[in-house]
Amino acid sequence: MTLLFVAFLVADLCVRQWLAMRQIRHVASHRDQVPPEFSPRIGLASHQRAADYTAARVRLGMLERVYDAGILVALTLLGGLQAIDLAVAQFTSNDLLRQLLLLGSVVLLLGVLGLPFTLWRQFKLEARFGFNRMTPGLFASDLVKGILLSLALGAPLAAAILWLMASAGSLWWLWAWGLWTVFNLLLLFIFPTFIAPLFNKFTPLSDPDLANRIKQLAQRCGFALNGLFVMDGSRRSAHGNAYFTGFGKSRRIVFFDTLLARLNADEIEAVLAHELGHFAKRHIVKRIVLSLGAALLFFAVLGWLAQQPWFYEGLGVLPRLNGRNDAMALLLFFLVIPVFTFMLTPIASWYSRRDEFEADRYAVSQSSSEQLVSALVKLYDDNAATLTPDPVHSAFYDSHPPAAVRIRHLTQHA
């Protein structure tokens with residue numbers, strides 16, 4: 001197990017760093033010339049800013065990837081998890097409490113260790129390119145709210161899964177998957193009305209003409225709308241977006257205020273038609289089903305691995321002979337599973353891009369292709385999205401088609 005883990009970790013790191021270097025070189029080589037299809041609407045200075053922003057983000061990602069790999073090795077092969085488990089055992093003899101403390105300690109440690117990159121990305125990189133609008137006070141407030149919310153939701157879920165692992169027999173993983181499914185579906189319902197307002201302010205869309213157009217569009221698309229809201233995204237970032245969220249009576253369409261400030265009514269309608277295309281083509285439902293299917297597979301594999309001593313020993317942990325190892329099994333599995341599944345990334349990316357093309361075609365049937373192209377170009381410009389990504393890097397990672405390919409696709413299907 002140790003050699004297999006090291007081999008996959010090295011392969012993961014090498015492939016991702018190679019892709020990152022390809023992206024930096026490719027973007028830099030096209031930095032001084034705007035692609036012809038964008039030159040009438042995007043200036044050279046904006047194009048160069050996007051290239052520099054992309055390169056800066058990729059470089060930071062390269063450093064973070066090495067840093068994260070070092071943390072993973074320290075926690076596993078170098079005995080970090082084993083040491084934490086021994087330490088928390090000194091505080092209680094209750095097995096469930098010990099395991100919850102182990103989970104909480106590791107999650108907290110990972111959060112603290114990841115904080116330097118989060119801070120640098122927000123207050124240095126994003127600020128350097130004019131995107132950051134978050135104050136240190138707001139960042140701290142979000143952090144505290146996130147921790148409290150994680151405790152309120154995550155601790156009971158973790159306790160329930162640990163109880164199932166100890167009490168539900170050999171098929172505990174099936175019951176745990178069922179609990180996980182219910183939990184995630186419940187989140188989809190409560191997020192729009194209870195969780196999201198903890199972090200952002202949502203106000204009803206005040207433009208009656210735009211609201212009427214959107215309601216008519218939603219009606220044409222068969223989307224049962226329960227509200228149009230504007231989110232104060234500008235408190236944190238200059239990036240803009242729009243999305244729909246919720247199910248049943250909690251469905252709502254949300255606009256970032258930064259998006260409304262940049263696009264005209266025709267462009268907003270075209271962007272929203274694209275988002276509603278995901279609803280009309282049932283992309284959201286399909287992704288939920290796929291994610292739950294993947295979770296079932298992962299739980300089944302975990303159910304088997306949790307019973308194998310070599311799984312623990314190969315990852316730097318000595319299984320407890322006089323206590324439960326359930327929390328350790330969860331930690332090891334979810335820490336290392338990304339290493340073994342990273343080569344599935346391009347498949348997921350391709351699937352996502354396919355959905356984006358389909359949503360674009362739907363948007364063209366419900367609105368104007370010219371207005372959607374105009375909106376996308378503005379968003380590429382405002383968000384400093386590179387117009388010239390490396391094709392291999394894009395194929396591996398990008399959930400959306402490259403800008404030039406997407407615009408060409410929209411033009412052909414006008």
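Start at A384. In this predicted model, A384 counts as buried, at 2% relative accessibility. Look at its backbone: phi is positive, about 55°, although A384 is not a glycine. Color by secondary structure and you will find A384 in the loop between α14 and α15 (391-397).

Now select R282 for a second case. Phi of R282 is near 60°, again a positive value in a residue other than glycine. R282 also sits in a loop, the one between α9 and α10 (283-305). Buried or exposed? R282 is exposed, with a relative accessible area of 51%, whereas A384 is buried.

Go back to α14 and add α16 to the selection. The axes of these two helices come within 10 Å and cross at roughly 170°. Angles over 145 degrees count as roughly antiparallel, and α14 and α16 are therefore roughly antiparallel to each other.

Show side chains along this contact. From α14, pick S369, L372, V373, L376, V377 and Y380. Facing them in α16 are A403, R406, I407 and L410. By type, the residues of this contact divide into eight nonpolar, one polar and one charged.

Next, select the largest nonpolar core, which has 46 residues. Which of them touch the most other members? They are F38, L205, I214, I253 and F255. Several elements each supply at least two residues of this core. Among the helices are α7 (208-220), α9 (265-280), α13 (345-366), α14 (369-382) and α16 (403-412). The strands β2 (228-231), β3 (242-245) and β4 (252-256) are also on that list. α14 gives the most, with seven residues.

Center on I214. Leave out residues up to four places away in sequence, and I214 touches L205, L228, I253, F255 and L272.

Apart from this core lies another, of 41 residues. Select I71, L72, L331 and V336, which are among its members.

Finish with the annotated spans. The unreviewed UniProt entry carries the annotation "transmembrane region" for residues 69-88, 100-123, 143-165, 172-197, 288-307 and 327-351. Select residues 172-197: the end C-alpha atoms lie 35 Å apart, and the span is 92% helix and 0% strand. Then select residues 327-351. Here the end C-alpha atoms lie 33 Å apart, with the span 88% helix and 0% strand.

Note on methods:
Residues are numbered from 1 along each chain as its sequence is written. This is a predicted model: local features need pLDDT of at least 70, side-chain atom pairs count only at pLDDT 80 or more; totals for chains, interfaces and linings use all residues. Side-chain values use heavy atoms; hydrogens and water are left out. UniProt positions are given in the numbering used here, feature names are shortened, and annotations may be inferred rather than shown by experiment. Helices (H or I, at least four residues) and strands (E, at least two) are DSSP runs, numbered from the N terminus. A nonpolar core is a set of buried Ala, Val, Leu, Ile, Met, Phe, Trp, Tyr and Cys residues joined through side-chain atoms within 4.5 Å. Buried means under 20% relative accessible area, exposed over 50%, partly exposed in between (1.4 Å probe, protein chains only). Contact means heavy atoms within 4.5 Å. Axes are lines fitted to C-alpha atoms, for helices over the stretch in contact, and angles run from 0 to 180 degrees between N-to-C directions. Angles under 35 degrees count as roughly parallel, over 145 as roughly antiparallel, 65 to 115 as roughly perpendicular and the rest as oblique. Ala, Val, Leu, Ile, Met, Phe, Trp, Tyr, Cys and Pro count as nonpolar, Asp, Glu, Lys and Arg as charged, and the others, Gly among them, as polar.
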